[in-house]
Amino acid sequence: MGSAPSKTSQPERAEEHESEKTSYVSRELAQSLAHLNLASPLSADGGLSLANVDAWEETVAQSPKLQLARTILNHANIRETLTSRSARIADAHIFNTELEFKTSPITNQKSSGRCWLFATTNVLRYNIMKKLNLSEFQLSQSYLFFWDKLNKSNYYLELSIQNADLPVDDRLVYYLADELISDGGQWDMAVNLLENYGVIPQPLYPESLHSSLSGPVNTLLKTKLREHALILRSLSESLRADSAISADTALRTLRSKKEELLKEIYVVMSATLGVPPRPDEKLTWDYNDKDGKAGTWTGTPQEFYKAFAYDKYSPADSFSLINDPRNAYSELYTVDKLGNIWGGRPVLYVNTEIENLKQAVVKQIKAGQPVFFGCDVGQFSDRTAGVMDTALFEYEAAFDIKFGLTKADRLRTSESSMTHAMVISGVHLDAAGRPVRYKVENSWGESAGERGYFVMSDAWFEQFVYQVVVPRALAPKDLVAVFDKGETQTLPPWDPMGSLA
């Protein structure tokens with residue numbers, strides 16, 4: 001089990017990229033300090049002075065490049081106009097190491113934040129389609145979405161009971177009320193759903209309008225849940241004021257009231273999404289394989305999951321590697337108050353160097369295993385072309401600016417976080433076996449990218465990929481040991497590593 005020990009340092013090009021940015025920030029600081037006793041502001045009171053504008057205009061007037069930028073960019077889309085031709089040429093949708101088995105169709109989460117559920121089901125369907133000899137297949141993303149949303153509602157109300165003694169304007173209470181039932185999620189939350197509810201083919205619980213357009217229902221549910229939380233807080237205060245009522249009796253009373261309130265959530269969800277099958281309910285699915293042969297399967301969602309969704313690598317035996325340069329490597333992290341199923345598997349991350357995430361991807365692709373990963377998809381990316389590359393836009397050249405933030409800086413300043421989950425299904429390796437670019441299966445439909453697929457440069461991976469899920473059997477032994485040791489460092493609920501893809 002396991003593989004060679006993980007690397008203890010990042011690759012040279014990653015170190016050079018980070019050091020260049022660090023050097024830029026250091027130079028800026030040094031320059032400011034050098035002139036600290038010499039420079040005087042044009043505005044002594046800190047306001048924006050017209051003298052500032054005059055000085056800036058003088059600088060622009062002396063730069064033909066900036067004058068040209070003004071001529072062109074005031075009536076042109078800066079992303080389209082400043083797209084790098086050389087980056088587009090380098091980011092070819094060609095890969096020399098791919099999964100042999102191809103799945104279909106490209107999925108589409110539409111106007112919802114369910115990317116993590118689409119990425120999860122897109123990983124699982126590889127085994128299902130191979131086992132059943134299918135040419136096209138989708139698992140029901142809506143089935144998992146329903147049970148996730150209902151469980152998150154329960155999770156929020158349990159947290160409301162747990163923290164009812166805190167002021168309503170306490171930072172934790174306020175944060176939880178803002179982020180209570182996001183569409184997004186994390187790998188461990190997906191495992192919670194899979195282990196408890198199983199999976200089913202999409203025809204047995206198809207998309208509804210509001211699974212694909214979740215905003216209106218989310219708004220309604222959040223309004224009711226915030227109301228429910230206040231009801232539970234008031235009840236908790238009354239129960240605590242009565243010295244004759246024990247803590248256990250108070251908790252039972254609060255949970256009984258919570259269950260009464262949750263009925264309203266279930267009614268709204270079942271009306272807008274449809275009544276889902278129970279995880280232990282017998283279902284029958286009829287299908288045609290790729291040879292046109294009809295087949296029938298009968299069983300429960302839990303039985304379908306165990307029979308078809310995985311072979312060698314169980315989702316429950318996989319865990320997340322993250323690259324978070326703010327925090328110590330070879331440590332296990334969790335995020336306080338983050339989850340979906342109350343009492344379920346916690347969200348856990350083993351923090352490690354970016355090179356270990358890359359090697360985990362390569363090893364999985366070579367083993368025939370698709371890779372779930374989390375990233376900040378909006379950074380230096382083109383949805384139409386399906387390109388993610390730090391060199392994609394020539395902003396620095398056009399505006400005579402320099403981007404100086406490191407990956408750690410972006411996390412510290414809310415510039416970046418995990419916003420999207422997708423699946424890596426291929427990689428292009430150079431002659432030395434190092435990744436050059438990656439093939440990414442997205443869930444934005446066939447109109448995005450190259451018929452639904454994106455290409456991600458290695459430089460973009462280094463800067464904007466935060467998470468790679470890896471089976472234990474394919475993970476570095478020392479990182480498996482960190483995971484198994486179970487000694488967690490707890491990040492606050494609002495930490496960027498708590499963002500839900």
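In what handedness of crossing does α7 pass α11? The legends below take this up, after a look at the whole chain.

**Figure 1. The whole protein, a predicted model.** Local features here need pLDDT of at least 70, side-chain atom pairs count only at pLDDT 80 or more, and totals for chains, interfaces and linings use all residues. Residues are numbered from 1 along each chain as its sequence is written, and side-chain values use heavy atoms, leaving out hydrogens and water. You'll find 18 helices and 14 strands in the protein; these are DSSP runs numbered from the N terminus, with helices being H or I of at least four residues and strands E of at least two. The radius of gyration is 26 Å, close to the 23 Å from the globule rule for 501 residues, so the protein is as compact as a globular protein of that length. (That radius is taken over C-alpha atoms, and the rule is 2.2 Å times the number of residues to the power 0.38.) The C-alpha trace spans about 75 × 70 × 50 Å along its principal axes. Buried residues make up 52% of the 501, where buried means under 20% relative accessible area, exposed means over 50%, and partly exposed is in between (1.4 Å probe, protein chains only).

**Figure 2. Helix α7 against helix α11.** Here's the answer to the opening question: α7 passes α11 in a right-handed crossing, the near helix being turned clockwise from the far one by less than a right angle (anticlockwise would be left-handed). Helix α7 covers residues 141-162 and helix α11 residues 215-241; they pack at about 25° with axes 9 Å apart. Axes are lines fitted to C-alpha atoms, for helices over the stretch in contact, and angles run from 0 to 180 degrees between N-to-C directions. The two are therefore roughly parallel, a label for angles under 35 degrees (over 145 is roughly antiparallel, 65 to 115 roughly perpendicular, and the rest oblique). From α7, the residues that meet α11 include Lys149, Tyr156 and Leu157, and among their partners in α11 are Leu221, His228 and Leu232. Contact means heavy atoms within 4.5 Å.

**Figure 3. A closer look at Ser160 in helix α7.** Is Ser160 buried or exposed? Ser160 is buried, at a relative accessible area of 9%. Leaving aside residues up to four places away in sequence, Ser160 touches Ala229 and Arg233. Both of these appear among the α11 residues that α7 meets.

**Figure 4. Helix α6 meets helix α9.** The axes of α6 (residues 115-132) and α9 (residues 187-197) come within 10 Å and cross at roughly 65°. Trp116, Leu117, Thr120 and Leu124 of α6 make the contact with Trp187, Met189, Ala190, Leu193 and Leu194 of α9. That's eight nonpolar residues, one polar and no charged. Again, the crossing is right-handed.

**Figure 5. The loop between β1 and α6.** Pro105 sits in this loop, and the peptide bond leading to Pro105 from Ser104 is cis, with omega near 0°. Lys110 is in the loop as well, with a phi near 55°, a positive value in a residue other than glycine. Lys110 is exposed, at 55% relative accessible area.

**Figure 6. Lys337, between β5 and β6.** The loop holding Lys337 joins β5 (331-335) and β6 (348-351). Phi of Lys337 is near 70°, a positive value in a residue other than glycine. Lys337 counts as partly exposed, at 22% relative accessibility.

Note on methods:
Ala, Val, Leu, Ile, Met, Phe, Trp, Tyr, Cys and Pro count as nonpolar, Asp, Glu, Lys and Arg as charged, and the others, Gly among them, as polar.
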